[in-house]
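Work through these exercises with the model open beside you. Try each task before you read its solution.

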Amino acid sequence: MTFIATLILALGMSMDAFAAALGKGATLHRPGFKEALRTGLIFGSIEALTPLIGWALGLAASRYIMAWDHWVAFALLAFLGGRMMMEGFRQTAVAEPCEAPKSHGFVVLATTAVATSLDALAVGVGLAFLQVNIITTALTIGAATTVMATTGVLVGRFIGPVLGKWAEVLGGLVLIAVGSTILLQHLGYTA
């Protein structure tokens, strides 16, 4: 695989992480570059590991993994998105202003990153059957995801104040939309 093809693959793999990070950034109280980079590194690290895992599993049992990855991604993202929406609705029902958190916990970010990187796991399975340098490919995917997720949080910083208390509801909708898109693409529906 050429470098350009690898880069295009990496950017494609990082788009759902960007959307999720955008929602995460919108729900925070003025996230700075340090928090954005932290989020980006968590997303990027997990996104770099999943194609390696997929590649290794692809050598052993590709049909079993590819049969369920989209359902797992959808379930995780729908759960996280629904939880975010419930929190958002709870906050909008409260009369007094509620301050947004300054950061998200590691477990929440890692779970979201795993859910958005399951497509990279499936790509890793497919790469097991091609002549590719899996280490270079995984590192490129991880680097692209780090940049895109960091950018997503920073852009979300500006969207959050505009949306106010509805930012968390919108962030939840974004996660559900990403999960639904993954599911629909695997089921053969394209827009």
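**Exercise 1. List the residues of the largest nonpolar core, then find which helices supply them.**

Step 1. The largest nonpolar core holds twelve residues: Ala-17, Ala-20, Ala-21, Ala-36, Ile-42, Phe-43, Ile-46, Leu-109, Ala-110, Ala-113, Ala-149 and Val-153. Such a core is a set of buried Ala, Val, Leu, Ile, Met, Phe, Trp, Tyr and Cys residues joined through side-chain atoms within 4.5 Å. Buried means under 20% relative accessible area, with a 1.4 Å probe and protein chains only.

Step 2. At least two residues of this core come from each of helix 1 (3-27), helix 2 (33-93), helix 3 (106-127) and helix 4 (134-163). Helices are DSSP runs of H or I, at least four residues long, numbered from the N terminus; strands are E runs of at least two.

Step 3. Helix 2 gives the most, with four residues.

Step 4. Another core, of nine residues, lies apart from this one; Leu-9, Ala-10, Met-13 and Val-132 are among them.

The model is predicted: local features need pLDDT of at least 70, side-chain atom pairs count only at pLDDT 80 or more, and totals for chains, interfaces and linings use all residues. Residues are numbered from 1 along each chain as its sequence is written, and side-chain values use heavy atoms, leaving out hydrogens and water.

**Exercise 2. Find the contacts of Ile-42 and Ser-117, leaving aside residues up to four places away in sequence.**

Step 1. Contact means heavy atoms within 4.5 Å. Ile-42 touches Phe-106, Leu-109, Ala-110 and Ala-113.

Step 2. Ser-117 sits in helix 3. Its partners are Ile-46, Glu-47 and Thr-50.

Step 3. Is Ser-117 buried or exposed? Ser-117 is buried, because its relative accessible area is 0%.

**Exercise 3. Describe the length and bend of helix 1.**

Step 1. Helix 1 has 25 residues and reaches 36 Å from its first C-alpha to its last. That is close to the expected 36 Å, the expected span being 1.5 Å times one less than the number of residues.

Step 2. At Met-15, helix 1 bends by about 30°. The bend is the angle between axes fitted to the seven residues ending there and the seven starting there.

**Exercise 4. Summarise the whole protein.**

Step 1. Count the elements: five helices and zero strands. The pattern along the sequence is α-α-α-α-α.

Step 2. Of its 191 residues, 46% count as buried.

Step 3. Take contacts with a separation of 6 or more: residues 24 or more positions apart account for 96% of them.

How values were computed. Buried means under 20% relative accessible area, exposed over 50%, partly exposed in between (1.4 Å probe, protein chains only).
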